[in-house]
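User: Please take one chain of this model and go through it closely. I would like to know how it is built, and then what surrounds it.

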Amino acid sequence: MAGHSHFSPANVEEHFEFSSEGKKRIIYGFIAGIVALIIGIYLLSKGESGGHEVAAAGHEAVKAGHEAANTGHEAAGHLSGGAASHQPAAEEHYDWTNRIWANVWLNAVFFTGISVIGMFFVSLQYLAKAGWSSVLKRVPEAFPKFLYVTLPILLAVFFFKGDVIFHWMHHGVTEVGSENYDKIIAGKSGYLNKTFFIARLIGFGAIWLILWNMLRKKSLEEDLVGGTEIFTKLVRIGVAFIVIFGLSSSMFAWDWVMSIDTHWFSTMFGWYMFSSWHVTGLAIITLTVLLLKDKGYMSYVNENHLHDLGKFMFAFSIFWSYVWFSQFLLIYYANFPEETIYFLERWEGHNKIYKTSEILNILFNFFFPFLVLMTRDAKRTRIFLKIACFFIISGHYIDFYQMIMPGVLGPHGGYGLVEFGMLTAFSCAFIYIVSDELTKASLVAKNHPFLPEALHHDI
Amino acid sequence: MSSTNNYILGVYDDEDEVLHAVSEVKSKGIKIEEVYTPFPIHGLDTALGHARTRLPIAAFMFGCLGLVCAQALINYTMVFDWPMIIGGKDFFALPDWIPITFEGTVLFTAFGLVTTFCISNDLYPGKKPEILDLRITDDRFVMAINVDKNKKSAADIKKALKDSGAVEVNVK
């Protein structure tokens, strides 16, 4: 029997040491990110004075296209006309700092997802009463700590700069008689209004954190006490979280991302964003386990556990592709202008600046993981898993970029130092806080009732 | 399997014992043909040293064939033979065809795999079951050793089986 471990669970504890060397490196990374960000912001503020004319000229062209759409059904005119009527207010109120806020929002949403998926993964394993994952459950268990950073950022950006991100927050869109009055948005204001939005964010965010704290406390107590009583309680917390998360993940998908394109809607969007979050979270869990193994920790996690993580990533990459494609196919097939504008904007709109990332989105998130992780051997080999993790994580950053940027920035988006710096800063902060949280408990949940089963896991 | 007296069968009554017996018998230089059990035993394949099945490769090939066939059919009917405009799309409306292509891939994979499995295991409708010892369908585990393919004498093999914990040793 391969990998027959003689690891005895009761007397072994393993503690992750967050070395000062490692801390230093992450802090340097964070500083480098911030420096890149500042240079990026400086260039942005300089570049905008020259770029204004281009933007104004583009605006004229859009207006012309709008008129063409009203008189004739010319395909090109219809496209730009749709884009213009889609978000006229954003065009008029555009300010170069918008790109910074859009980036903060993008990263905060992305990393909120990764953090909360840690909690979701552990809950799911408890709900299924799965044994194999008990060897590595301390890794995802540490992720939700980062919610203490991202949720306040989301709240602050919404509170102070919400009108930059969201069309429905623009002044006067729901007031009858205002020049900005928008009948469609006014019809949605029962759900999309500032008070209810903040209530949902704080309410569900608080429930997430409370449940995570309960789970974490009980889980650490289990290390000291043992027995099966705590396990039953953890199952209950897991079930409660799954129910809450089923509701809140969809609502946050509508709130944080779908409502950016306020006129547009898709009934698949909750699933779409959840699947994107989930597969990224799985890739980050796998990558963390692999990196810990490279450092000499977690010798009891063998290729069978990695195989299961690989299967998870493979399956949920395909699940994401399935949801993405289902959403696309229905819109493409039905061909309603008010729906197709979403994809046209990303494919052909704004001088095609989003087209490359739309292609990369499909390549990185479907074709590459599908081909790399298809064979059994690849799922059991660390380097192939790492390659797949790289594609999935960067691919889903692009996916969120595609969900958020075209709606917020329109023709002013792009990939530059601002994007790079902001992503680096957020990543380093995430790594630092999760590593710090990992040191607070034994890396192996030594009294987990299923641990002996997990140590003999063989597939 | 007709009765040729070529097979020595070690009968065991415990799954753990047969699993340990496999490595014990093998360590004496005896080649084991197969172990028959009423249910799958974890780790038995690895202990016997069987090569992994190549069915996944067959599955991939059948999948590719299904993909090509589905695309060929749709292209022939919708683009070449009788072009039709549906929903204002091009004749070659690839996104519309993805579900059908997927179904074709899955269908070919499923049928191809079942057929390959049956052929490689010599299974067909009306096939007479070849059972060395009826009790392997109940509560006994049988290790079969082909004498012709072993250099050891029949007596040595019988002794090795007895030593490894077989409750009885038969010749068939």
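Analyst: What follows is a close look at chain B, and then at chain A for context. Keep in mind that this is a predicted model.

Start with the parts list. Chain B holds 5 helices and 4 strands. In sequence order they run β-α-β-α-α-α-β-α-β. Is the chain a compact globule, or more spread out? It is more spread out, because its radius of gyration is 25 Å, well over the 16 Å that the globule rule gives for 172 residues. The C-alpha trace of chain B covers about 80 × 30 × 30 Å along its principal axes.

The division into domains comes next. Domain 1 of chain B is made of two stretches, 7-50 and 138-171. Domain 2 of chain B takes 55-120. How far apart are their centres? Taken over C-alpha atoms, the centres of the two domains are 46 Å apart.

Now burial and contacts. Of the 172 residues in chain B, 17% are buried. Take the contacts in chain B with a separation of 6 or more: 80% of them come from residues 24 or more positions apart.

Helix α3 of chain B, residues 55-81, gives two places to look closely. One is B:Cys64, which lies in this helix. B:Cys64 has 13 other C-beta atoms within 10 Å. Being exposed would take 12 or fewer and being buried 20 or more, so B:Cys64 counts as partly exposed. Its C-alpha atom is 6.9 Å from that of B:Thr105, although 41 residues separate the two along the chain.

The other place is B:Met78, also in helix α3, residues 55-81. B:Met78 has 17 other C-beta atoms within 10 Å, and it is partly exposed. Which residues does B:Met78 touch, leaving out those up to four places away in sequence? They are B:Met84 and B:Phe91. B:Ala93 is 15 residues from B:Met78 along the chain, and the two C-alpha atoms are separated by 9.2 Å.

Next, the side of chain B that touches chain A. Here 9 residues of chain B are in contact with 9 residues of chain A. Helix α4 of chain B, residues 94-120, supplies the largest share of the chain B side, with 3 residues. By class, that side has 3 nonpolar, 5 polar and 1 charged residues.

That leads to chain A. Its secondary structure comes to 17 helices and 0 strands. In chain A, 45% of the 459 residues count as buried. Among its contacts between residues at least 6 apart in sequence, 80% join residues at least 24 apart.

One helix of chain A shows how burial can be arranged. Helix α12, residues 337-347, has these buried residues: A:Ile341, A:Tyr342, A:Glu345 and A:Arg346. Down the axis of α12(A) they fall within an arc of 120 degrees, so they line one face of the helix.

The loop after that helix has some backbone detail. Most residues other than glycine have a negative phi. A:His350 is not a glycine, yet its phi is positive, about 50 degrees. A:His350 sits in the loop between α12 and α13 (355-372) of chain A. Is A:His350 buried or exposed? With 21 C-beta neighbours inside 10 Å, A:His350 counts as buried. A:Lys352 is found in the loop between α12 and α13 of chain A too. A:Lys352 also has a positive phi, about 60 degrees, without being a glycine. A:Lys352 is exposed, with 11 other C-beta atoms within 10 Å.

Finish with the nonpolar cores. In soluble globular proteins, nonpolar side chains tend to be buried together. The largest nonpolar core here has 115 residues. Those touching the most other members are A:Leu106, A:Val257, A:Ala283, A:Met313 and A:Ile404. A:Ile404 touches A:Ala102, A:Trp105, A:Leu106, A:Val257 and A:Ile260, not counting residues up to four places away in sequence. Apart from this core lies another, of 20 residues, and B:Ile30, B:Val35, B:Phe141 and B:Ala160 are among them.

Methods: Residues numbered from 1 in each chain as written. Chains lettered and ligands numbered in written order. Predicted model: local features only at pLDDT ≥ 70, side-chain atom pairs only at ≥ 80, totals over all residues. Rg over C-alpha atoms; globule rule 2.2 N^0.38 Å. Contact = placed C-beta atoms within 7 Å. Nonpolar A, V, L, I, M, F, W, Y, C, P; charged D, E, K, R; others polar. Domains from an automatic or database assignment. Arc of directions from axis to C-beta. Core = buried A, V, L, I, M, F, W, Y, C linked by C-beta atoms within 7 Å.
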